[in-house]
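Open your viewer and get your selection tool ready. We will go from the whole chain to single residues, one stop at a time.

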Amino acid sequence: MTYGQVTHKYLGRKIPGDLRSRNSVEVAHRIRCAWAKFCQHRDVLTDKNVSLSSRLRLFATVVSPCVLFGLAACALTSVQVESIDTVQRRMLRLIVGWVRPGDEPWADTTRHMRDRVARAMSIFPIEAWSAQLARRKFKMAGRFMARGQDWPSIIVLWDPKSTNPMACRSRGRPQRRWDDDFHEFTSACFPGQDWRDIAVDAVLWNSQTEAFIAGLSRAMP
């Protein structure tokens with residue numbers, strides 16, 4: 001095993017030797033943790049003798065925070081965000097239960113499962129993990145900018161060329177940056193303005209939370 005493949009656990013996060021893969025490693029780690037937590041409580045989560053609303057409440061209280069821990073600080077791609085939603089949908093199907101009668105076409109079985117999950121969400125609504133993640137990230141960005149000269153806001157405002165005029169990125173497609181979502185959002189909703197200037201106004205920034213989440217949902221493949 002090379003150094004780049006070695007990972008170390010620190011404060012609940014998995015940090016790889018090759019930092020270019022840190023986001024994919026962390027997403028995979030959070031998904032494994034979520035499945036471990038789900039399996040720990042599987043007997044209750046899938047027990048039909050327990051009310052569905054109670055089981056969904058347990059899922060939202062125990063499993064969801066486990067998978068979302070720390071991900072708001074990662075620069076995730078749309079594919080990585082969609083992967084956690086895929087896991088969530090699979091877990092919800094296990095909770096509501098499903099049976100494929102006879103030789104029913106898989107398309108029909110899938111449609112019935114979606115209907116069952118939709119009915120379950122009407123009993124106890126659970127927001128998609130991608131939306132919960134976007135909400136956490138948006139609030140985090142607002143807190144960063146509201147604190148002024150704390151180190152998180154200094155890092156967000158830092159421009160590499162301000163300390164090294166010769167700085168340049170390597171060849172190839174640039175990696176996803178943490179605040180790319182905010183730049184894309186403000187360019188569409190506040191043309192010509194920087195998200196960091198808008199986030200200083202806490203009232204204005206918080207009023208845009210739902211619009212930001214909706215914009216990310218539309219951008220998902």
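Here is the tour, starting with how to read the model.

This is a predicted model, in which local features need pLDDT of at least 70 and side-chain atom pairs count only at pLDDT 80 or more, while totals for chains, interfaces and linings use all residues. Residues are numbered from 1 along each chain as its sequence is written, and side-chain values use heavy atoms, with hydrogens and water left out.

**Stop 1: the whole chain**

Show the cartoon. You should find 12 helices and 2 strands, which are DSSP runs numbered from the N terminus (helices: H or I, at least four residues; strands: E, at least two). Along the sequence, the pattern reads β-β-α-α-α-α-α-α-α-α-α-α-α-α. Taken along the principal axes, the C-alpha atoms fill a box of roughly 70 × 50 × 30 Å. Of the 221 residues, 35% are buried (buried is under 20% relative accessible area, exposed over 50%, partly exposed in between; 1.4 Å probe, protein chains only).

**Stop 2: the largest nonpolar core**

Select F59, M91, W129, W178 and W195, the residues with the most contacts inside the largest nonpolar core, which has 50 residues. Such a core is a set of buried Ala, Val, Leu, Ile, Met, Phe, Trp, Tyr and Cys residues joined through side-chain atoms within 4.5 Å. Elements giving two or more residues to this core include α1 (22-40), α3 (52-68), α6 (129-146) and α12 (209-219). Which element gives the largest share? Colour α6, which provides 9 residues.

**Stop 3: the aromatic cluster**

Now select F138, F144, W178, F182, F185, F190, W195, W205 and F212, which ring pairs link into a cluster. The structure holds 15 aromatic pairs; rings of Phe, Tyr and Trp (its six-membered ring) pair if their centres lie within 6.5 Å, and planes under 30 degrees apart count as stacked, over 60 as edge-to-face and the rest as tilted. Zoom in on F182 and W195: their ring centres are 4.8 Å apart and their planes stand at 40 degrees, so this pair is tilted. F182 belongs to helix α9 (residues 180-189) and W195 to helix α10 (residues 195-199), so the pair ties together parts 13 residues apart in sequence. Both F182 and W195 are buried. Add K137, whose charged end sits over the ring of F182, 5.6 Å from its centre (the criterion is NZ of Lys or CZ of Arg within 6 Å of the ring centre and within 35 degrees of the ring normal).

**Stop 4: the second largest pocket**

Select R89, L92, R93, R114 and V117, the closest to the pocket centre among its 13 lining residues. Both α4 (78-96) and α5 (106-123) give two or more residues to the lining. How do the lining residues divide by type? There are 6 nonpolar, 2 polar and 5 charged.

**Stop 5: three single residues**

Start with V87 in helix α4. V87 is buried, with a relative accessible area of 11%, and its C-alpha is 7.5 Å from that of I31, 56 residues apart along the chain.

Move on to T109 in helix α5, which counts as buried at 4% relative accessibility. The C-alpha atoms of T109 and W98 are separated by 8.6 Å.

Finish at R22 in helix α1. Is R22 buried or partly exposed? At 40% relative accessibility, R22 counts as partly exposed. Its partner for a distance check is C74, 52 residues apart along the chain, with the C-alpha atoms 8.5 Å apart.

How values were computed. On a 1 Å grid over the protein atoms alone, a cavity is a set of points where a 1.4 Å probe fits but cannot get out, and a pocket is an open set with protein on both sides within 12 Å along at least five of seven lines; lining residues have an atom within 4 Å of a point. Ala, Val, Leu, Ile, Met, Phe, Trp, Tyr, Cys and Pro count as nonpolar, Asp, Glu, Lys and Arg as charged, and the others, Gly among them, as polar.
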